[in-house]
Amino acid sequence: MAEKMGKDGWAYNVKHAYNFSRLLVLIAAALYGTNFACVKILDTHIDIAAGAAIRFGLAALATSPFLFLDPSSSPLPPSSRLKACALGFEVGVWNAAGYLAQAIGLETTTACKSAFVCSLAVVVVPLLDFAAGGKRLTKTTVVGCAMAMMGVGILEMPTDIDFHSL
C-alpha cells in the first residue's frame, strides 16, 4: 500500500483516503436522495411549521456544543467570531426559507419531481457565478444548462398531451 507523508508529519494510506472520500460522497448522495421523500412523509403526518421546528431544533441541538467552547482556545479574534456567528445565522435563515419552500411545494407535487427540479441547483450555480461577475460561461456550461432545462421542461409537462395531434 502506498503511504505518503502529510503536512503534519503523519503518514497516511492513499488508498484508504480515496475510498473514504468516495464513501462520504455516497453517504451525501443517499442523504440528499432521501431528503424529499422523508419531508413528504413527514408533511403527511404533521404540520409544515412543526416539521420545520423539529428539523431545525435537532440541527441546533447537534451544533450547540460549539457554542460552549472556551473562547480563549479559538484562533480567531472576538470580532471574527462574532462575524462568523452572524454569517452562520444568515446561512441558517436561507436554509430554513429553502426548506419551508420545499415542504410547501411538496404539498402539490411528487417527491420525485421535487427532487429533480431542486437538483437544478447544480445548473443555477454557474449561472449565478457568471451573473455576479465571477466567471465567464464556457460553451460546455451553456449547452449543459440548456439541456438540463429542456429535460426538466419535458419531465414537468402534463402527461395527458397527445403529441400525435400536434
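This passage describes the two largest pockets of a predicted model, taking the residues and helices around each in turn.

Rolling a probe the size of a water molecule over the atoms reveals where empty space remains. In the largest pocket, this space comes to about 750 Å³. Its lining is made up of 22 residues, and those closest to the pocket centre are T63, F66, L67, C85 and G88. Two helices, α2 (48-63) and α3 (78-105), each contribute at least two residues to this lining. The greatest share comes from α3, which provides 9 residues. In chemical terms, the lining of the largest pocket comprises 13 nonpolar, 7 polar and 2 charged residues.

Attention can now turn to the second largest pocket, which holds about 390 Å³ of space. Here two or more lining residues come from each of α1 (14-45), α2 and α3. The residues around this pocket are L31, Y32, N35, F36, R55, F56, W94, N95, G98, Y99, Q102 and C118. Once again α3 is the main contributor, giving 5 residues to the lining of the second largest pocket. Sorted by class, the lining of the second largest pocket contains 7 nonpolar, 4 polar and 1 charged residues.

Helix α3 is thus a convenient place to start when viewing the model, as the element that gives the most to the lining of the largest pocket and also the most to the lining of the second largest pocket.

Methods:
Residues numbered from 1 in each chain as written. Predicted model: local features only at pLDDT ≥ 70, side-chain atom pairs only at ≥ 80, totals over all residues. Heavy atoms only, no water. 1 Å grid on protein atoms, 1.4 Å probe; cavity = no way out; pocket = protein on both sides within 12 Å on 5 of 7 lines; lining within 4 Å. Points joined across faces, edges and corners; volume = space filled by probe spheres on them. Helix = DSSP H or I, 4+ residues; strand = E, 2+ residues; numbered from the N terminus. Nonpolar A, V, L, I, M, F, W, Y, C, P; charged D, E, K, R; others polar.
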